[in-house]
Amino acid sequence: MKIETIAIHAGNQIDEGNKAVIQPITLSTTFERAEDGSYPSGYIYSRSNNPNRNSLENVLAKLENGAAAAAFSAGNAAGMTVFQSLEPGSHLICPDDMYHGLRNQLKQVFNKTLEFDFIDLGNLDLVAASIKPNTKLIWIETPSNPLLKITDLTAIVAIAKKTSVKTVCDNTFATPILQRPLDLGADLVMHSTTKYLGGHSDVLGGALIAREADEWWLKLKQIQEMGGAIPSPFDCYMTVRGIKTLPYRMKGHVENATKLAAFLESHPMVERVFYPGFASHPQHEIVKKQMFAGGGMLSFLVKGNAQTTRDVVNQVKIFTQATSLGGVESLIEHRASVEGPDSKTPQNLLRVSVGLENADDLIEDLAAALQPISN
């Protein structure tokens, strides 16, 4: 099946009892045992598995062309499960531009049990030189948040395999519609399903998808079950519902982002635009090699200081000044203020999640917000 068909059908099971075309929500926390004590339905307890979660994990695995998937209550829970699966004293290599929530997990929660270095993954010589005897994992985020850096997945995987180091790719910005890291050799894909997969800013979730259901995967699944950081049946139902339109939503996100980025590149009050779909992006050749399009996210630098930049987001009418991304509505935010005092994000950077409104309306809104500072 092609990916549009997978998105619609792989997360849905027709009810055998009443033949409901859309799979119902199974709220039960426990399931009846047979006389011999077995579980004929295959379900024991909802922390272990649930029909709705099973459907969600099935469609996630198929979208990423993986062997298996695990759904979590949040993207941070999915990332934390990876970190928890590593033996104490393990060393990780992470990108210097990394989602601050997971970066802060490492720095504040795992700082006494794991070692980690945040480096430029675009410098392949540095990546190779940073591998130590205790290095167990390279964490990749491409495109990165918020600078939209692109990491050469094939090259990083090749370096990692020389020393049996695992590779994990946060594919949240790209989604499996635009990039499939497992096909390029990555061992594991991570998603915040809160974003594009759910797609409507109304359900929290995360996911891990494995290229192989190996021993490491079994450990990850064990942490998922024993830790219990799993989505509710309703959350699973809502995420599956969002995924059904994912391929077509991404086309709209890409189209609008391309138009908005072109407008911003030509604006006199914009210092620089970060958008992977443009030839001006420093890693555009890698984009062409491993992505199907540039995505729906962009960032840009305002000519001015932090206050000037805040003035822009305080003037918008259609964009919403809010954290998160991937919904049908367009969001904009001053990213450095979200990340905290240790943020390395430029103070004049605005991150934009381009939604599915009319692109001309979005351009007009930003043009009006930039107008006062351009006079």
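# Briefing: two sheets, a buried helix and an annotated lysine

An open sheet of seven strands runs through this predicted model, with the strand order β1-β7-β6-β5-β4-β2-β3 and mixed pairing. Its edge strands are β1 (68-72) and β3 (115-119), each of which pairs on one side only, and the twist averages 20 degrees from one strand to the next. A further open sheet is formed by five strands in the order β8-β9-β12-β11-β10, again with mixed pairing. The points below take up the two sheets and their helices, the largest pocket with its annotated lysine, and several residues with notable backbone geometry or surroundings.

**The seven-stranded sheet and helix α3**

- Within the seven-stranded order, β4 stands next to β5, and these two strands run parallel, joined by five bridges; as one instance of this pairing, Ile140 has Cys169 in β5 as its bridge partner.
- Helix α3 lies across β1, β2 (91-95), β4, β5, β6 and β7, and runs at about 45 degrees to β7.
- Because seven of the ten residues of α3 (residues 75-84) are buried, this helix is largely enclosed by the rest of the structure.
- The buried residues of α3 are Gly75, Ala77, Ala78, Gly79, Thr81, Val82 and Phe83.

**The five-stranded sheet and helix α10**

- The edge strands of the five-stranded sheet are β8 (270-274) and β10 (320-321), each pairing on one side only.
- Strands β9 (residues 297-302) and β12 (residues 349-353) pair in the antiparallel sense over five bridges, and Met297 finds its bridge partner in Ser353 of β12.
- Helix α10 (residues 246-265) lies across β8, β9 and β12, with a direction at about 15 degrees to β9.

**The largest pocket and Lys195**

- The largest pocket holds about 330 Å³ of space, and the elements that give two or more residues to its lining are α3 and α4 (100-108).
- Of the 22 residues that line the largest pocket, those nearest its centre are Asn76, Tyr99, Asn145, Ser192 and Lys195.
- An unreviewed UniProt entry lists Lys195 under "modified residue: N6-(pyridoxal phosphate)lysine", an annotation that may be inferred rather than shown by experiment.
- Where in the fold does Lys195 lie? Lys195 is placed in the loop between β6 (188-191) and β7 (206-210).
- Lys195 counts as buried because its relative accessible area, 16%, falls under the 20% cut-off.
- Leaving aside its neighbours within four places in sequence, Lys195 is in contact with Thr172, Ser324, Leu325 and Gly326.

**Cis peptide bonds between β4 and α6**

- The peptide bond from Thr142 to Pro143 is cis, with omega near -10 degrees, and Pro143 belongs to the loop between β4 (135-141) and α6 (153-162).
- A cis peptide bond also leads from Asn145 to Pro146, here with omega near 15 degrees; Pro146 likewise lies in the loop between β4 and α6, while Asn145 is among the lining residues nearest the centre of the largest pocket.
- As background to these bonds and to the phi values that follow, most peptide bonds are trans, and most residues other than glycine have a negative phi.

**Positive phi outside glycine**

- Lys19, a residue other than glycine, has a positive phi near 65 degrees; Lys19 is found in the loop between α1 and α2 and is exposed, with a relative accessible area of 52%.
- Ser164 is not a glycine either, yet has a positive phi of about 60 degrees; Ser164 sits in the loop between α6 and β5 (166-170) and is exposed, with a relative accessible area of 65%.

**Tyr45 and Ser46**

- Tyr45 has its place in the loop between α1 and α2, and is partly exposed, with a relative accessible area of 40%.
- Leaving aside its neighbours within four places in sequence, Tyr45 is in contact with Thr29, Thr30 and Phe31.
- From C-alpha to C-alpha, Tyr45 and Asp120 are 44 Å apart in space, and in sequence they are 75 residues apart.
- Ser46 lies in the loop between α1 (3-9) and α2 (51-63), and is buried, with a relative accessible area of 11%.
- Outside its neighbours within four places in sequence, the contacts of Ser46 are Ser28, Thr29, Phe31, Arg53 and Ile230.

Methods: Residues are numbered from 1 along each chain as its sequence is written. This is a predicted model: local features need pLDDT of at least 70, side-chain atom pairs count only at pLDDT 80 or more; totals for chains, interfaces and linings use all residues. Side-chain values use heavy atoms; hydrogens and water are left out. Helices (H or I, at least four residues) and strands (E, at least two) are DSSP runs, numbered from the N terminus. Buried means under 20% relative accessible area, exposed over 50%, partly exposed in between (1.4 Å probe, protein chains only). Contact means heavy atoms within 4.5 Å. Two strands pair if DSSP finds at least two bridges between them. Axes are lines fitted to C-alpha atoms, for helices over the stretch in contact, and angles run from 0 to 180 degrees between N-to-C directions. On a 1 Å grid over the protein atoms alone, a cavity is a set of points where a 1.4 Å probe fits but cannot get out, and a pocket is an open set with protein on both sides within 12 Å along at least five of seven lines; lining residues have an atom within 4 Å of a point. Grid points are joined across faces, edges and corners, and a volume is the space filled by probe spheres set on the points.
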